[in-house]
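Subject: Structure handover

Hello,

Here is the structure for you to take over. My notes on strands, helices and ring pairs follow below it.

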Amino acid sequence: MKVLAGTSNLRLCKDIARQLKLKLVNSHIRRFADGEVYIEINENIRGNSIFVIQSTSNPANDNLMELLICIDALRRSSAKNITAVIPYFGYARQDRKVVPRTAISAKLVSNLITNAGANRILSVDLHAGQIQGFFDIPVDNLFATPIFARHVKKIKLNNLICVAPDVGGVERTRALSRRLNSTIAIIDKRRPSPGKSEVMNIVGNVKNKNCVIVDDIIDSGGTIVNAAKALKEKGAKDVYVYITHAVLSGEAVQKIERSRIKKLITTDTIDNSKKIGRSKKIEIISLAPMISEAMKRIANSTSVSSLFK
Ligand code: R5P
């Protein structure tokens, strides 16, 4: 078992390697002057099970291309099998035709990764579970929910209600509420235009309750900031937010700081160390222990799903 780090999230790669007590594969990834990606693997990997770690986060296209080129280099270097560890799977939101004559980019990306030569995918909180079916190779989808549940218990929130920020998040919210033994509320969110969101209704009674919103992605922050505002207007006590993938585009961090959110807890599937800086509201929990444990189980052909029982 060997681990090759892409450049999108070196910090997480190093943490995973540390957990596995392994050295990262000696490699050199760089860009030509025109932006082309170049990789050189500086050690023998013939016959090894290789895990290449790369989140396809911003800049999504560059990071995706880098992943494809890494996989190609590994395949041509006679790796025995290649697992693409993609903690944050970019393009996942384009998983269906929302309006006519659009692409299903998540499927295209899945094809690209498979055709490059990956034998298996390991990801975290895929935006939609059915993306697993876009691949004809095994996909292990890990969940941050147990880690979030542990955090909620640690900060000892009482009088709890778990809140889905939109209908798409109900399953994830139910999973969290089961672990916390709480009720759930659902926000009826509409998108009047791409990148804008509006809260139409809240289904459930949130008055005087500590609200725990859970979502897979925070991008512009609109969904969560509007949700927190609507919950407070309905008499919620405090609003805590748990998000797996902190995309945090544009002014998202500043929006969160100014919002009615008490605390936002996220993970390190995307490297945000520069963006979050001195934020008082955002806390990061590392998924390195969970991802490395799943990688170990894949390498040893033992159960990954039992991690979540
Ligand atoms: C949408 O279905 C996702 O789960 C997120 O709610 C969405 O991507 C968040 O985007 P934003 O932060 O830009 O509102």
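One caveat before the details: this is a predicted model. I start with a helix pair, H4 and H5. The two are oblique to each other, because their axes cross at roughly 45 degrees and angles that are neither roughly parallel, roughly antiparallel nor roughly perpendicular count as oblique. H4 covers residues 145-154 and H5 covers residues 170-180. Their axes come within 9 Å. The crossing is right-handed. On the H4 side, the contact uses Thr 145, Pro 146, Phe 148, Ala 149, Val 152 and Lys 153. H5 contributes Ala 175, Leu 176, Arg 179 and Leu 180. By class, that gives seven nonpolar, one polar and two charged residues.

H4 also packs on a sheet.

**The seven-stranded sheet**

This sheet is open, with mixed pairing. The strand order is S10-S9-S8-S11-S12-S13-S14. S10 (198-203) and S14 (282-285) are the edge strands, each pairing on one side only. From one strand to the next, the twist averages 25 degrees. Within the sheet, S8 (residues 160-164) and S11 (residues 210-218) pair in the parallel sense, over four bridges. There, Cys 162 of one strand stands opposite Val 212 in S11. H4 touches S8, S11, S12 (239-246), S13 (263-267) and S14. The direction of H4 makes about 150 degrees with that of S12. A further helix, H6 (residues 222-233), lies across S8, S9 (183-190), S10, S11 and S12. H6 runs at about 165 degrees to S11.

**The five-stranded sheet**

This one is also open, but its pairing is parallel. The order is S1-S4-S5-S6-S7. Its edges are S1 (2-5) and S7 (139-142), and each pairs on one side only. The twist averages 20 degrees from one strand to the next. S6 (residues 120-124) and S7 run parallel, joined by four bridges. Val 124 stands opposite Leu 142 in S7. H9 (residues 288-299) packs on this sheet and touches S1, S4 (49-53), S5 (81-86), S6 and S7. The direction of H9 makes about 160 degrees with that of S6.

H9 has a helix partner too. H1 (residues 10-20) packs with H9 at an angle of about 55 degrees, and the axes are 9 Å apart. That angle makes H1 oblique to H9. The crossing is right-handed. From H1, the contact takes in Leu 12, Asp 15, Ile 16, Gln 19 and Leu 20. From H9 come Ala 288, Pro 289, Ile 291, Ser 292, Met 295 and Lys 296. By class, there are seven nonpolar, two polar and two charged residues.

**The S2-S3 hairpin**

S2 (residues 27-31) and S3 (residues 37-41) run antiparallel, joined by five bridges. Arg 31 has Val 37 as its bridge partner in S3. Five residues lie between the strands. In this hairpin, Gly 35 takes a positive phi near 100 degrees.

**Aromatic pairs**

How many aromatic pairs does a search of the whole structure find? The search gives four. One of them joins Phe 89 and Phe 135: the ring centres are 6.0 Å apart and the planes are at 70 degrees, so the pair is edge-to-face. Phe 89 lies in the loop between S5 and H3 (105-116), and Phe 135 in the loop between S6 and S7, so the pair ties together parts that are 46 residues apart in sequence.

Best wishes

Conventions:
Residues numbered from 1 in each chain as written. Predicted model: local features only at pLDDT ≥ 70, side-chain atom pairs only at ≥ 80, totals over all residues. Heavy atoms only, no water. Axes fitted to C-alpha atoms, helices over the stretch in contact; angles between N-to-C directions. Parallel < 35°, antiparallel > 145°, perpendicular 65-115°, else oblique. Left-handed = near helix turned anticlockwise from the far one by under 90°. Contact = heavy atoms within 4.5 Å. Nonpolar A, V, L, I, M, F, W, Y, C, P; charged D, E, K, R; others polar. Pairing = 2+ DSSP bridges. Phe/Tyr/Trp six-rings, centres within 6.5 Å; stacked < 30°, edge-to-face > 60°.
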